[in-house]
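Thank you all for making the time this morning. I would like to walk you through one structure, going from the overall picture to a few local details.

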Amino acid sequence: MTEQSPDPKIHVAPPERAPSPVPVDDEVLPFEVGSLDLRGRLTRLGPALDDILTKHDYPAPVGKLLGEAIVLTTLLGSQLKFDGRFILQTQTDGPVSFLIVDFQSPDRIRAYARFDKSRLAEGQDSAALLGRGHLAMTIDQGADMKRYQGLVALEGGDLEDAAHEYFLRSEQIPTKVRIAVGEEWRGGEGPKHRWRAGGMLLQFLPKAAARAQRDLHPGDAPEGAAVNEVPEDDAWVEGQSLISTVEDIELIDPDLSGERLLYRLFHERGVRVFAPQSMRAKCSCSREAVSTMLSNFEANDRAEMVKDGKVVVTCEFCSSVYEFTPAEAGVE
Ligand SMILES: [Zn+2]
C-alpha cells in the first residue's frame, strides 16, 4: 500500500517521503520546486536548540544570535555528503566577540558564544551584537582530507547578510536565506520558557548553468567601463519574491508543519520534499579527552590549575564539569 499525501500537490515518490501533517522539530527538510529550478532546505528547531541555549543561560539577545548561527549551520552543514564536520565561527569587535557552532555529521550540534556583559545594552539587534570582523566556515573531512575554509567579512550586517555575501562571492550560486529565532512562553506543566527557531535556504540551480550567472561588481575596472548587466532569470526573481514573504512567526510556529509552510509558499508551482535529517544537541567532550588535553600542558601550567586541592575543567560547549585530583591531572 502506498501512503497518500494529504496534499495532492505535494508529490511523493522515492526517495521522498510522505509529507508529515504534524509539525516535527529538530529536523532539516530538503525540498525542490522543479518548475522553477529551485532547491532548498527548511530547518525547524525546538528541543535541540533549547537544550544548547539553556545550558548556558545567555542573556536573551545573545541566545538569539547564537540560535541564528545554529540555524544557519544546520542549513549548510546538513548538505555534507560525507562523514565530517562543518564549523561556523565569527570573530568580531562587537559585544559578542566570538561564537562557534560545531556540526558533526550526520546530526550532532554543539555551540557557544563569548560576550562582554558590560557592553550589552538595551535594543541591540544581532548585527549590533556582532559588530565588524569576519565569519569563517570550515569543512573538515578528517585527517586524510584537505580542510576547506570560506571566509566572509561581517561589516555591520547580520548572519543572513553574511550568508548571502558568501554565496555570491565564493559559491556564485544565487541564494536566499531566512532565519528566525524566538522564545516561547507556556503556562501549565513543564518549562515555562523555550527557545524555538526556523530557517530556510533557497537556491537557484538551473540545468543550464548560464542562466544562474550574474556579473559581479566590476571592482577594479576603470571608471566608466561598461558593466555587462545580465537581467536576473524570471524563475529566480519569483523564487526570491516567494521566500521574502515568509514571516518569522511562520518559521518558528510550533503548530505549523514544515510541509504546510512549503505548500503555503510554493503550491502554485508544485513542491517536492525529500527525506528529512534529524538534528540533536550533543557534545563530543569526555573525561578522557579532557585528561589528554591536560597532559599536553607544561607541568608548571598544570600545577597552576590546582584550586582548592583539585583541577576543575568546564566544557565551554556544554558546560559539563570535569574534576581531577592533582595526581590525576599529573601534578607532582
Ligand atoms: Zn562538552
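I will begin with the whole chain, then take the core, the helices, the sheet and finally some backbone details.

Please keep in mind throughout that what you see is a predicted model. The protein has 332 residues, of which 33% count as buried, and its secondary structure consists of nine helices and 15 strands. If we consider the contacts with a separation of 6 or more, 65% of them are between residues that lie 24 or more positions apart.

Let me turn to the interior. As a general point, nonpolar side chains in soluble globular proteins tend to be buried together. Here the largest nonpolar core contains 70 residues, and the members that touch the most other members are L66, A69, I70, L72, I109, A111 and A113. Helix α2, residues 60-77, supplies the largest share of this core, namely nine residues. That helix is mostly covered, with 17 of its 18 residues buried, and from its first C-alpha to its last it reaches 25 Å, which is close to the 26 Å expected at 1.5 Å a residue. To take one of the residues from that list, L72 touches L88, L159, A163, V177, I179 and G199, if we leave out residues up to four places away in sequence.

Two of those partners, L159 and A163, bring us to helix α4, as both are among its buried residues. Helix α4 runs over residues 159-171, and its 13 residues reach 17 Å from the first C-alpha to the last, close to the 18 Å expected at 1.5 Å a residue. Which residues of α4 are buried? They are L159, A162, A163, Y166 and F167, and because they cover an arc of only 130° around the axis, they sit on the same side of the helix. The elements that cover these buried residues include α2, α3 (126-130), β7 (132-140), β8 (148-155) and β9 (175-185). After α4 comes Q172, which has a positive phi, near 55°.

A further buried position worth a moment is M200, which is found in strand β10, residues 193-204. Is M200 buried or exposed? With 20 or more other C-beta atoms within 10 Å as the cut-off for a buried residue, M200 counts as buried because it has 26. Apart from neighbours within four places in sequence, M200 is in contact with G40, L42, R178, I243, V246 and L251. Of these, R178 is 22 residues from M200 in sequence, and their C-alpha atoms are 5.1 Å apart in space.

Now to the sheet. Strands of a sheet pair through backbone hydrogen bonds, either parallel or antiparallel. In this model, six strands form an open sheet in the order β8-β7-β4-β5-β6-β13, and the pairing is mixed. Its edge strands are β8 and β13 (280-281), each of which pairs on one side only. Between β6 and β13 the pairing is parallel and extends over two bridges, with I109 standing opposite A281 in β13. Helix α1, residues 47-56, packs on the sheet and touches β6 and β13, and its direction makes about 35° with that of β6. Staying with this part of the sheet, P106 lies in the loop between β5 (96-104) and β6 (108-115), and the peptide bond from S105 to P106 is cis, with omega near 5°.

I will end with two residues towards the C-terminal part of what I have covered. D308 is in the loop between α9 (299-304) and β14 (311-314), and although it is not a glycine, D308 has a positive phi of about 50°. D308 counts as exposed because it has 6 C-beta neighbours inside 10 Å, the cut-off for an exposed residue being 12 or fewer. Strands β14 and β15 then form a hairpin with six residues between them, pairing in the antiparallel sense over four bridges, where V312 has E323 in β15 as its bridge partner. S319 is in the loop between β14 and β15 (321-324), and this residue, also not a glycine, has a positive phi of about 65°. S319 is partly exposed, with 13 other C-beta atoms within 10 Å.

That is where I will stop, and I am happy to take questions.

Note on methods. Residues numbered from 1 in each chain as written. Predicted model: local features only at pLDDT ≥ 70, side-chain atom pairs only at ≥ 80, totals over all residues. Core = buried A, V, L, I, M, F, W, Y, C linked by C-beta atoms within 7 Å. Contact = placed C-beta atoms within 7 Å. Expected span 1.5 Å × (residues − 1). Arc of directions from axis to C-beta. Pairing = 2+ DSSP bridges. Axes fitted to C-alpha atoms, helices over the stretch in contact; angles between N-to-C directions.
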